[in-house]
Amino acid sequence: MTRIHQQSLSFGTRGRGFTEISGEVAGVARSAGIAMGLCHVFLRHTSASVCITENAAPAVRVDLERWMGDAVPDGDPRFEHDEEGPDDMPAHVRNLLGGHELTIPVRDGRLALGTWQGIYLWEHRRQGQRRELVVTVLGA
Amino acid sequence: MTRIHQQSLSFGTRGRGFTEISGEVAGVARSAGIAMGLCHVFLRHTSASVCITENAAPAVRVDLERWMGDAVPDGDPRFEHDEEGPDDMPAHVRNLLGGHELTIPVRDGRLALGTWQGIYLWEHRRQGQRRELVVTVLGA
Amino acid sequence: MTRIHQQSLSFGTRGRGFTEISGEVAGVARSAGIAMGLCHVFLRHTSASVCITENAAPAVRVDLERWMGDAVPDGDPRFEHDEEGPDDMPAHVRNLLGGHELTIPVRDGRLALGTWQGIYLWEHRRQGQRRELVVTVLGA
């Protein structure tokens, strides 16, 4: 018998940077009461990302931020769209590159993440924002 | 009771640029007749993208195109693969960066996109192409 | 009647580069015994990618590797995280850009890949690694 469970999660970010949300997503997956299936995480915004990256060394997130800041600089004069400031358009490019959704297998009732994989909400705007995610779990 | 619905969509592009396909994808999701679940959109090509980005200011798509054009320039002499012209290999890199698939939650029978999220077919070749997508909807 | 099938795949890579795994993934999809649905492929690592790209000209993979090597150079002095060597942090950035999961529609019992689409495991570390994937197939 297949089950479907869907739930919204909301987070307040404190400006550009990573917030680990592995525990919150795992909680939704558990509450779905399935042994095997998929857990989908969807961010309803175009200026932040939801991604998986290394969860051990904090320097990894520092370096990801640095790489992205150089690849897509704030205030880049090539960008026409700056209605909300110098980080407006860069946030949309970062959203494209960093992604805005994840699907994670559920195995034995738990997220089958690798040992070093953590789930992160990555805020791309300089100011804190309220971010809504929709988590959908399908399985049996 | 779980339902699955699958349908192909075909679009003719007019060369490099964005075509909004939110309405077409939403139509397939609706016709699946589910209240809750997932809608998966898959592009069967390696030289275009399917992505979500801001749907309000057209300048966002202009700037995405500009950023991508500088990051992956046509005719880049580093590229060996140019059988179909100077935009051949850049289109494959753009496909990798921009993505070729989306999964969107269905909630209350509708795509649970954020207010500013639009679904776009992003042509990376200079000439128009026929592009086929497979949309699969699972849910209850 | 909806079916779910889940299976792990393990590959030994020989250092940086692409390994085609289309056949292995297609085999799992077939063994799920569904006619229509989705096949999800998840890599449990943060320093390699699973992606789809052109499967005909080998030069495409050579050029993807070259583009990535220039965009995210090994030994980049901007990176703080280098515990496992000059390719440690670049592998994490490459993982973000290249992706670590795929969802592919199943149609008529087979993966509905386009003619030129191949599934690749892309090793980003210089040394060979053992890589585990979880493949989940849902459908009817």
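**Figure 1. Salt bridge between Arg107(B) and Glu132(A) in the predicted model.** The two side chains meet at 3.6 Å, N to O. This pair belongs to the contact of chain A with chain B, where the count is 2 salt bridges. Polar contacts add to the picture: 13 residue pairs, both partners at pLDDT 80 or more, link chain A and chain B.

**Figure 2. The side of chain A that touches chain B.** Four elements of chain A each supply at least two residues here: strand 1 (3-12), strand 3, helix 3 and strand 8. Helix 3 of chain A has the largest share, with 6 residues. By class, this side of chain A divides into 12 nonpolar, 12 polar and 6 charged residues. The whole contact takes 30 residues from chain A and 36 residues from chain B. Together the two chains bury about 2700 Å². Carbon and sulfur atoms carry 63% of that area.

**Figure 3. Helix 3 of chain A packed on helix 2 (residues 58-71) of chain B.** The axes lie 10 Å apart and make an angle of about 65 degrees. The crossing of these two helices is right-handed. Helix 3 of chain A brings Met89(A), His92(A), Val93(A), Leu96(A) and Leu97(A). Helix 2 of chain B meets them with Val60(B), Asp63(B), Leu64(B), Trp67(B) and Met68(B). In this helix pair, 8 residues are nonpolar, 1 is polar and 1 is charged.

**Figure 4. Salt bridge between Arg107(A) and Glu132(C).** Here chain A gives the arginine and chain C the glutamate. Their side chains meet at 3.6 Å, N to O. Between chain A and chain C the count is 2 salt bridges. Polar contacts join 13 residue pairs across chain A and chain C, with both residues at pLDDT 80 or more.

**Figure 5. The side of chain A that touches chain C.** Strands that give two or more residues to this side are strand 3 (37-43), strand 4 (48-54), strand 5 (101-107), strand 7 (117-123) and strand 8 (130-139) of chain A. Helix 2 (58-71) and helix 3 (88-98) of chain A do so too. Helix 2 of chain A gives the most, with 9 residues. This side of chain A divides into 22 nonpolar, 8 polar and 6 charged residues. In total, 36 residues of chain A and 30 residues of chain C take part in the contact. Chain A and chain C bury about 2700 Å² between them, with 63% of it on carbon and sulfur atoms.

How values were computed: Residues numbered from 1 in each chain as written. Chains lettered and ligands numbered in written order. Predicted model: local features only at pLDDT ≥ 70, side-chain atom pairs only at ≥ 80, totals over all residues. Heavy atoms only, no water. Contact = heavy atoms within 4.5 Å. Buried area = accessible area lost by both parts, 1.4 Å probe. Salt bridge = Lys/Arg side-chain N within 4 Å of Asp/Glu carboxyl O. Polar contact = N/O pair within 3.5 Å; in protein donor to acceptor, adjacent residues only side chain to side chain. Nonpolar A, V, L, I, M, F, W, Y, C, P; charged D, E, K, R; others polar. Axes fitted to C-alpha atoms, helices over the stretch in contact; angles between N-to-C directions. Left-handed = near helix turned anticlockwise from the far one by under 90°.
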